[in-house]
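Here is a short tour of a protein model for you. Have the sequence and the 3D view ready, and let us begin with one local detail before stepping back.

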Amino acid sequence: MHDTAPLLVVVDAANVVGSVPDGWWRDRRGAAERLRDRLASDGVPGMAGPVEIVLVVEGAARGVESVAGVRVESAIGSGDDHIVEVVAGAGARPVLVVTADRELRRRVGELGAEVAGPRTVRP
């Protein structure tokens, strides 16, 4: 039943990783893995109750493995398109998408998802 399903948090890995100029561009896969590991250990700060976290990776970060607490999905094409597909597949379940990408925010908002910026999951 959707009314008892935990909040689905979909994280735009490329956008969140790219929000801080910490050298991530030298090791995109490693940066995505560090984000995944932080999400697995810290969850989503300020979120009460259970959440299901999906980290969408693309490009050089494809192939990052899932870990307990974080399901990683590798986008075959556009990461944004994959995120929209995940949101569309959630049905009536509550969804939060973490990204600063304006066009993606608009697209998932039209599907009923809430949106939040990268600081939601980054220190």
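Gly43 takes a positive phi of about 65 degrees, just after α2. Keep in mind that this is a predicted model.

The helix that precedes Gly43 is worth a look of its own. Helix α2 covers residues 28–42, and at 1.5 Å a residue its 15 residues should span 21 Å; the end C-alpha atoms are 21 Å apart, so the two values agree.

Which residues of α2 are buried? They are Gly30, Ala31, Ala32, Leu35, Arg36 and Leu39; note that Arg36 is among them. Their cover includes the elements in this table.

| Element covering the buried residues of α2 | Residues |
|---|---|
| β1 | 7–12 |
| α1 | 13–17 |
| β2 | 51–57 |
| β3 | 70–74 |

Now for the whole protein. There are 4 helices and 5 strands, and along the sequence they follow the pattern β-α-α-β-β-α-β-α-β. The radius of gyration is 13 Å, close to the 14 Å that the globule rule gives for 123 residues, so the protein is as compact as a globular protein of that length. Along the principal axes, the C-alpha trace spans about 40 × 30 × 25 Å.

Of the 123 residues, 41% count as buried. Among contacts with a separation of 6 or more, 59% come from residues 24 or more positions apart.

Turning to the outside, the accessible surface comes to about 6500 Å², and 52% of this belongs to carbon and sulfur atoms. The protein has 15 positive and 18 negative charges, whose mean positions are 5 Å apart.

Notes
Residues numbered from 1 in each chain as written. Predicted model: local features only at pLDDT ≥ 70, side-chain atom pairs only at ≥ 80, totals over all residues. Heavy atoms only, no water. Helix = DSSP H or I, 4+ residues; strand = E, 2+ residues; numbered from the N terminus. Rg over C-alpha atoms; globule rule 2.2 N^0.38 Å. Buried < 20%, exposed > 50% of the residue type's maximum accessible area, 1.4 Å probe, protein only. Contact = heavy atoms within 4.5 Å. Areas by Shrake-Rupley, 256 points an atom, 1.4 Å probe, with all protein chains shown as cover. Lys, Arg positive; Asp, Glu negative; His and termini not counted. Charge placed at Lys NZ, Arg CZ, Asp CG, Glu CD. Expected span 1.5 Å × (residues − 1).
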